[in-house]
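Reader: Hello! I am new to this structure and would love a close look at one single part of it, with the surroundings filled in afterwards. Could you walk me through it slowly?

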Amino acid sequence: MQSPAPRLAVPLAAAVLGFLAVLAARQPPQATREIRRLELADLVLEDFVIDRRRQGFSANTVRGYAQVVKTLCRFAHRAGYVPENITVGFQMPRVPKTILPTFSDGQLEALLKVPDLRTWVGTRDRAILLVLLDTLMRVSELRGLNGEDLDLDEGMLRVMGKGEKARQL
């Protein structure tokens, strides 16, 4: 199994520790000392999700924690630590889709008036704003651009996106 990225170690540990805390509340204290003794069959994963929501975690965080715990439980079952797969029938919590508001025409005009076009820096800043607005690329993708990524004949930019995946804009 591939180890998680270092930046994920703390959230993964927090999810597992939170799950074990919910589990400990339902099990005798001595049962949490060794994972092999855990009787997970009667633990409802929804209890963990409800507990995370009550603690005020965002919907995305609750879903992420639920995914970690679901993976942990499935692993424990496959490895023989747990007799039943308690994840069967468990529905992952939904995350509401949010639509971000866009700029109004007036806001765009005001934004594009900010750079001073009489200076090189102002011209550069306006070009950066136009590229970001026209392509919807991420700032990190824009920062990674160099001259070789621009194809003027085709009118294309090649950017390295998330996960080192190249894409054309």
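Reader: Which residue follows H5, and what is its phi?

Author: Happy to help! One thing to keep in mind from the start is that this is a predicted model. The residue that follows H5 is Leu 136, and its phi is positive, near 60°. That value is worth a pause, since Leu 136 is a residue other than glycine.

Let's place Leu 136 on the chain. Leu 136 sits in the loop between helix H5, which covers residues 120-135, and helix H6, which covers residues 139-143. Is Leu 136 buried or exposed? Leu 136 counts as exposed because its relative accessibility is 69%, and the cut-off for exposed is over 50%.

Now step back into the helix that leads up to this loop. H5 has 16 residues, and at 1.5 Å a residue they should span 22 Å. The C-alpha atoms at the two ends of H5 are 22 Å apart, so the model agrees with the expected span.

H5 also holds a charged pair. Within residues 120-135 of H5, the side chains of Arg 124 and Asp 125 meet in a salt bridge, with 2.7 Å from N to O. Both partners are partly exposed: Asp 125 has a relative accessible area of 27%, while Arg 124 comes to 37%. As a general matter, side chains of opposite charge can pair when their charged atoms come close.

On the other side of the loop there is another such pair. Arg 138 forms a salt bridge with Glu 141, and their closest N and O atoms are 2.7 Å apart. Glu 141 belongs to the stretch 139-143 that makes up H6. Here the two partners differ in cover: Glu 141 is buried, at a relative accessible area of 2%, whereas Arg 138 is partly exposed at 35%. The pair does not stand alone, for salt bridges with shared partners join Arg 138, Glu 141 and Arg 167 into one network.

Arg 167 takes us to the strands. Strand E3 spans residues 166-168 and pairs with E2 in the antiparallel sense over 3 bridges. Arg 167 in E3 is the bridge partner of Val 159, and Gln 168 in E3 is the bridge partner of Arg 158. E2 and E3 form a hairpin with 5 residues between them, and Gly 163 in that turn has a positive phi of about 70°. So here is another positive phi to set beside that of Leu 136, this time in a glycine.

Strand E2 covers residues 156-160 and has two faces: Leu 157 and Val 159 are on the covered one, while Met 156, Arg 158 and Met 160 are on the uncovered one. This fits a general pattern, in which the side chains of a regular strand alternate between the two faces of the sheet.

E2 also has a partner in strand E1, residues 150-151, which runs antiparallel to E2 and is joined to it by 2 bridges. Asp 151 has Met 156 of E2 as its bridge partner. E1 and E2 form a hairpin too, with 4 residues between them, and Gly 155 in the turn has a positive phi of about 65°. Put together, the 3 strands make an open sheet in the order E1-E2-E3 with antiparallel pairing. E1 and E3 are its edge strands, each pairing on one side only.

Finally, here is the wider setting. The protein chain has 6 helices and 3 strands, and from the N terminus on the six α elements come before the three β elements. Of its 169 residues, 22% are buried. The accessible surface of the chain is about 12500 Å², and 56% of that belongs to carbon and sulfur atoms. Among contacts between residues at least 6 apart in sequence, 40% join residues at least 24 apart.

The count of salt bridges in the model comes to 6. One of them lies away from our loop in sequence, where the side chains of Arg 52 and Asp 51 meet at 2.7 Å, N to O. Arg 52 counts as buried because its relative accessibility is 6%, and Asp 51 counts as partly exposed at 23%.

Conventions
Residues numbered from 1 in each chain as written. Predicted model: local features only at pLDDT ≥ 70, side-chain atom pairs only at ≥ 80, totals over all residues. Heavy atoms only, no water. Salt bridge = Lys/Arg side-chain N within 4 Å of Asp/Glu carboxyl O. Buried < 20%, exposed > 50% of the residue type's maximum accessible area, 1.4 Å probe, protein only. Pairing = 2+ DSSP bridges. Contact = heavy atoms within 4.5 Å. Areas by Shrake-Rupley, 256 points an atom, 1.4 Å probe, with all protein chains shown as cover. Expected span 1.5 Å × (residues − 1).
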